[in-house]
Structure formats: C-alpha cells, structure tokens
Amino acid sequence: MTLFQDEVEATPTRGTTYLPVLDDDAPPAQPRTSLGRPSPEESILAWGTWAAALGLAWLVTQRLLPLAGVPWFVVVFFVCGLLMSAVTGAMHGGLIEVRDRVAGSMVTGGAVLVGAALVSTIGYIFYRGWEPLLHANFFLEDMSGVGPSDPFTEGGVLHAIVGTIVQLSIAVAITLPLGIGTAVFMTEVGGKFAKVVRTVVEAMTALPSIVAGLFIYSVFIVALGYPRSGLAAGLALGVMMLPIIARASDVVLRVVPGGLREASLALGASRWKTVWHVVLPTARPGLATALILGIARGAGETSPVLLTSGAAAFVVANPTDGVMNSLPLFIYTNVRSGQGTAEDRAFAAAAVLLILVLALFVVARLLARPRGGKPSLRARLFARRPPEVRS
Amino acid sequence: MTTLPVHDDRGNLAVTPRKISRKATGADAVFEWSSRAIGASVLVITGGVGLFLGWQGYPTIKRYGFSFFTEEQWLPDEDRIGIAGVLAGTFSVAFVAMVIAFPLALLTALYISEYAPAGAKSFLVSMVDLMAAVPSIVYGIWGYFLIMPYAAELARWLESNAGWLPFLQVRGADPDAAYWDASRYYSSAFCAGIAVSMMVMPMACAVMRQVFSQTPPGEKEAALALGATRWGMIRSVVLPFGRGGIIGGTMLALGRALGETIAVALILSVAFEVKWNLLETGSSTISSLIANRFGEASASQLSALLAAGFVLFLITLLVNTAAAVIVNRSRSGAGTDA
C-alpha cells in the first residue's frame, strides 16, 4: 500500500508536492487506544464497589443494627465503600493496591462531603427563604410599621439593601484610593519606609473584624460623641477592609513584569507616567478582582456593623442621619428574635445577600479571566514573588 | 548631522558632565511624595488601631494585674473581670473548627489537584473560592438551624461511646437515658466549631491546593515511572513538597477561626468558665464577649473589652506571622519554575 501517487519520480524535482490519494483497499483506520482512560473493567469495578456498598449499607442500617435515619445511612454507606475498595484492591494486588484504593475513596469522599456542605448551605437558605422572595414588596418596601409576625405581603428589606450599599460605598471611597495608593507606594517607590508600611499592613490583616468595629465604636461614638450612623459603619468596614485590599493590590502590582517598567523608563517616560500608563493598566484586572473580593468580604461582615450602625426599620439614605440598617445586621437581629416569620425573612435576606456576593464574585472572575494567553489571576496572585524591582 | 563635542582653546571639553542624581524632580517628585504621604496615612490608620487598642487596654491590665488573665468570670458589677474563661472558649471553638476543617481541607485540596478530571478543575477551584466568599452570617444560620440538631445527636453518640475521654463528657446529662435532654447538647463549643469550620475550611483548602499544584511535575512523573500508585506518588512527592503549605494554610485558617464572631455569638449560649467539655452547652469567646457586652459597657468596661480585643489581636497576629514564616521558608512555592 502506498499513499503516494504511482508515478513517483526517482529524483523528484524541487518544489513538487505529492498529495495523498485514497487507497480503497486499505483497512479502516483503527482508533487509537487512550492510555489515560480507565479500562472498562476498572470503571465497572469502581461503580460496582459503590453499588455493593449501597447494598451493604442498606443491610446494615435497616436490617442488622439499630441505626435509623439518613445521616447514619450515609456514614455507613461511606464506611462500607471504603471496605469494598479495600476488598477489590486486595483482589487485584497487595497492600499497596489496597492503600491506593482506600486513599482514593477517602479523598473523593472528603471532597464530596465539602461539596454537599456547600450545596446544603445554599440550598437551605433558599429553601427557608423562598416564600418572602416571591413577593415584590420584599424588595420594594421597608419594615417601618411592620411587626415581626406580620405576613410576607407587608414589609421588606429595601432599607437593609440601601444601607448595605451606602455603607459599602463609604468603605470603598476610603479604601480604594488609600489601598491602591499604598500598594503603589510599596511597590513603585520602595525604600526603608515602604518596608515598615508593608510590615504593619500585613500585620493588620490579622485584625479580627469585631476589633475593628470596637475601635470605631470607642473612638467615633464613645470618645467623639457622634451618634451611631451609617458613616460609622462605613468607617468600621473601611478600617477592616483597608489592610486586606492594600495587601492584595500589593501582591498584584508586584507581579507586573519588571521588563515593562524598564522599557517604559528607557523610552524616557517619567516614573509617574510609567506607573499611570504602564503599571496600573497592566494590573487593572487584578486590581479590580482584589477590590471586588474585598467588597464581597465587607458586604458579609456583620460584627463591625453590629457595633456601629444601630438598626433602623425604615430607609435611611443619608449616612450621617442616625441609625441605619444593613443586610447582615437585619439577618442577625431577625434570627435572634426567634419568631417564625422573622426567621423566614432573615433567610430571605440571607438569600439576597448571597446573590449580591455571588454577583460580585462572578464579576471578579470575569475580570480576572485570562485574555490571550495571559496567566489567570490566581496564577498571578499566588505566583512566586519575583525579586523586587527598584528603579 | 552629527554634533561634535565643543572644545575650548586648550582642547578641554567645554561642557561639564551633567550631575547624575536619583532624586526625582518635577512631576515625579510630586508623585513620590504624594504616594509616600498615602503610605504614611495608611500606616497611621492601621498602626493607630493597634496602638490605640494597647493604649486603651493598658489601664485595665494595670488595674487587674495578672488576675486579668486568670479570672474566669466577666462580672463588671462585682469588679471581677478576667479573660481566662473566654480565652479557653476561644481556643476550644477554634480547636473543634480545626479538627473538622483540617482533614476536609486537605482531602479537598488533594482531590482538586490530583484526582479531579482536568475539565472540572477550574470549576472546583471557583467553588472553593465561592465558599470562602459566602458571608459568615450565612454559615452561622446554617449551623444554627440545620446542623445543630444533628450535631447534638452526634454529641450524644460521642459521649455515650467515647465518654471516658474527659473533653467529651457532658456534666449533668445521661446519654443513655430513655428520654435524652437535648438542650444540654445544644449551643455548645462543638456546634459553634462546626459552623466556624465551614468558614475557615475554604481558606486552608485554597492555600494547600495552590501549593500542591506547584509540585514539580518532573518529580511526580518520576515517582509514577518508578511504579508508584497514585497514592504512593502523593505520599512520597506531593505531601512532602506541600508540607509548608499544609501547615501555613492551617495556621491561617486558625487565625481566622480565633477571631470569628457572628456565627459564634449566634450559636453559643453565654457561660464564663474554663471548661474543656466541648460537647456541653454554654461557652464564650473573646469576640462573642465583645459582641454581647459592648452595648451596656461603661468607659472602664469598654477599656476592659478593648484589652480583651487587644489580646485576641495579638494571638491572631502571632498565628498569622508564624503561618507566613512557615509558608515562605518551606520549599513549597520556591524554585518551582522548572
């Protein structure tokens, strides 16, 4: 069988191209065997192990031992699965094979448990909170004049949503310029002082959020005598988020390739122009992600808000105008009230908060998506820190 | 056109060499000094918080002396204030959280980096990040409403089967009674620890997975080529390589677990006592103490709360710094370009 035309010349002239022709007598092409894929025997064994475990678990929990209830069934199922993995491993090989199979089952089981926990968290929030979510007034009204046990057709969380947005805006207005400015200072200016700043900022990321709240409470409210307000809550969130955002931006700016800076400086740009036109645009997706993840963290924090904002039942848009509610605080106080409908409202508010955080998270992922072969943000965030470039 | 250097009559260069200076001029100087000012202001703000806490807490520590660290009760009305009870509670909640979170984080990180199908990997990584972004109050109400009954059941089972361990005993409750008193098992450090473990697990998992994914592929392939099974390869290459990341990630999670407030304040019923009975109802942590007591606090009590907060901050700072040192020192994440 030859793939080439029959009239192959003995000494082909330069530039001749021979096209392959179809050989009708050739056997059909064999598909390549995939080396990485498990063989049918292996996959049947893997499924069979867990099918056997299911049967055993039913036998043990329903017929042999007094272990009623779904949790026990799941536990026994998993233990039986481990046992069956060991048995099937022993059928094939020695102790090494047994260990490999049991470890594989353990690892997979652990990951499945974590996934189940995440699904149960999100599912339970929506399961308990779906009813208020169906009423449009839940998003359009506040709780003024609405009792905790009133039906879901009255009242809503508009005041909490507005409060969360106002407080987050204050916190972002503080942390965005200061956080990114500090990161620029630490990476682009450098020097001994920058090292001190970096050490302190990294240390302050350990500050528990409640202590940040207590700081603003004792300074702003007790010592300076201002009332509890959205401004105080925004400041508390800002104090909490500032080290987080400064540190994350610092990590992002550090991995901007030094060659870009040097190229810009070599072309005669001043250092300011280099930062503004080269470093910051290069790091923009990373900076946006760092900021958004910081906001998501701030949106979910309850403890600083609990100490500083107070709780109003009506819409307050002016941050200096007395007490102001927010979503986490609304959830906390309603859960604490112990009333059935109030709890359901809390779950619905938790669903709203979850959706808000999820939306921020998705935006952050989209911004961080690698474009045209650029490494992803994760890779850049956690990449080994390159040696510091000092200009 | 080429400009030739100008010489004077004696053949010396007429122009003096320009002065070379690294000092910024013009817009650069403005940029440098303004960014320095921003850095200084952030230093003042963040450093100020730490200094303020220490300064405000000092009178309390001076007033109560060493008994501030040994007194269990928090009774400002009787002038008995101490953090021994809440400190023990803080550590027992964090202990339970880490006992649950550490194996789960390790297994999940191993699954994502070594076992998961290649197509699902980035999705799973996003899921772990999403878990880290879920607000703590959400885990708090999840633990409070959904998990607590099961946790109480598990606590009773643990006590009746492993009650000879001192920290699994529940005083005043009989696990084998025909009608068991569930309220003795509710609102315990164990229940709070479960909710906190969900918060800190994704954090530890993300660090571990990151370190595992940096394992040099050459070493992994070498192990497989020598006939190691997948688990053999993990045990001999991935785990030793990632040891620093495992320890560091766990300690970062521990730092977060120590400072967690709202889920703990929601679940725990308050009790000031040094107790190691993890399954028994009632305990208190430093952060839940602050959340519960700041409202009615007078100036001196506020100072005491600030002192307690300062101690908490010092502990988390210590844990986080140790974690950073361990991660940076270990082989993980270094020299992995190959």
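This is a short talk on a predicted model with chains A and B, going from the fold of chain A to its interfaces and then to one residue of chain B.

Hi everyone, thanks for coming. Please keep in mind throughout that we are looking at a prediction.

Let's start with the fold. What does chain A contain in the way of helices and strands? The count is 14 helices and 0 strands, so if you follow the sequence you read α-α-α-α-α-α-α-α-α-α-α-α-α-α. Chain A has 391 residues, and 45% of them are buried. For those of you who like contact maps, take the contacts in chain A with a separation of 6 or more: 67% of them join residues 24 or more positions apart.

Now, the domains. The assignment for chain A gives two entries, domain 1 covering 41–132 and domain 2 covering 158–382. Their C-alpha centres are 40 Å apart. How many residues does each domain bring to the contact between them? Domain 1 of chain A brings 7 and domain 2 of chain A brings 9. Putting these two domains together buries about 730 Å², with carbon and sulfur atoms giving 76% of that area. On the domain 1 side, the residues that lose the most area to domain 2 are A:Ile125, A:Phe126 and A:Arg128, which together make up 65% of what that side buries.

A:Arg128 turns up again when we look at charges. It pairs with A:Glu343 in a salt bridge, where the closest N and O atoms are 3.3 Å apart. Across this domain interface there are 2 salt bridges, along with 1 residue pair in polar contact, counting pairs with both residues at pLDDT 80 or more. By class, the domain 1 side that touches domain 2 is made of 5 nonpolar residues, 1 polar and 1 charged.

On to the interface between the chains. Here 81 residues of chain A are in contact with 81 residues of chain B. The buried area is about 7200 Å², and carbon and sulfur atoms give 76% of it. How many salt bridges are counted between chain A and chain B? The answer is 1. The side chains of A:Arg271 and B:Glu32 form a salt bridge, at 3.0 Å from N to O. Polar contacts between the chains come to 8 residue pairs, again with both residues at pLDDT 80 or more.

Which helix gives the largest share of the chain A side? That is helix α3 of chain A, residues 95–133, with 19 residues touching chain B. Sorted by class, the chain A side has 54 nonpolar, 14 polar and 13 charged residues.

Finally, let me zoom in on one residue of chain B. B:Met148 sits in helix α5 of chain B, which spans residues 136–162. Is B:Met148 buried or exposed? Its relative accessible area is 4%, and the cut-off for buried is under 20%, so B:Met148 counts as buried. Leaving out residues up to four places away in sequence, B:Met148 touches B:Gly143, B:Tyr186, B:Ser187, B:Cys191 and B:Ile267. If you want a distance to check on your own screen, try B:Met148 to B:Leu87: the two are 61 residues apart in sequence and 23 Å apart in space, C-alpha to C-alpha.

That's my tour of the model. Thanks for listening!

Note on methods. Residues are numbered from 1 along each chain as its sequence is written. Chains are lettered from A and ligands numbered from 1 in the order in which they are written. This is a predicted model: local features need pLDDT of at least 70, side-chain atom pairs count only at pLDDT 80 or more; totals for chains, interfaces and linings use all residues. Side-chain values use heavy atoms; hydrogens and water are left out. Contact means heavy atoms within 4.5 Å. Buried area is the accessible area (1.4 Å probe) that two parts lose on being put together, summed over both. A salt bridge is a side-chain nitrogen of Lys or Arg within 4 Å of a carboxyl oxygen of Asp or Glu. A polar contact is a pair of N or O atoms within 3.5 Å; within protein, one must be able to donate a hydrogen and the other to accept it, and residues adjacent in sequence count only if both atoms are side-chain atoms. Helices (H or I, at least four residues) and strands (E, at least two) are DSSP runs, numbered from the N terminus. Ala, Val, Leu, Ile, Met, Phe, Trp, Tyr, Cys and Pro count as nonpolar, Asp, Glu, Lys and Arg as charged, and the others, Gly among them, as polar. Domain bounds come from an automatic or database domain assignment. Buried means under 20% relative accessible area, exposed over 50%, partly exposed in between (1.4 Å probe, protein chains only).
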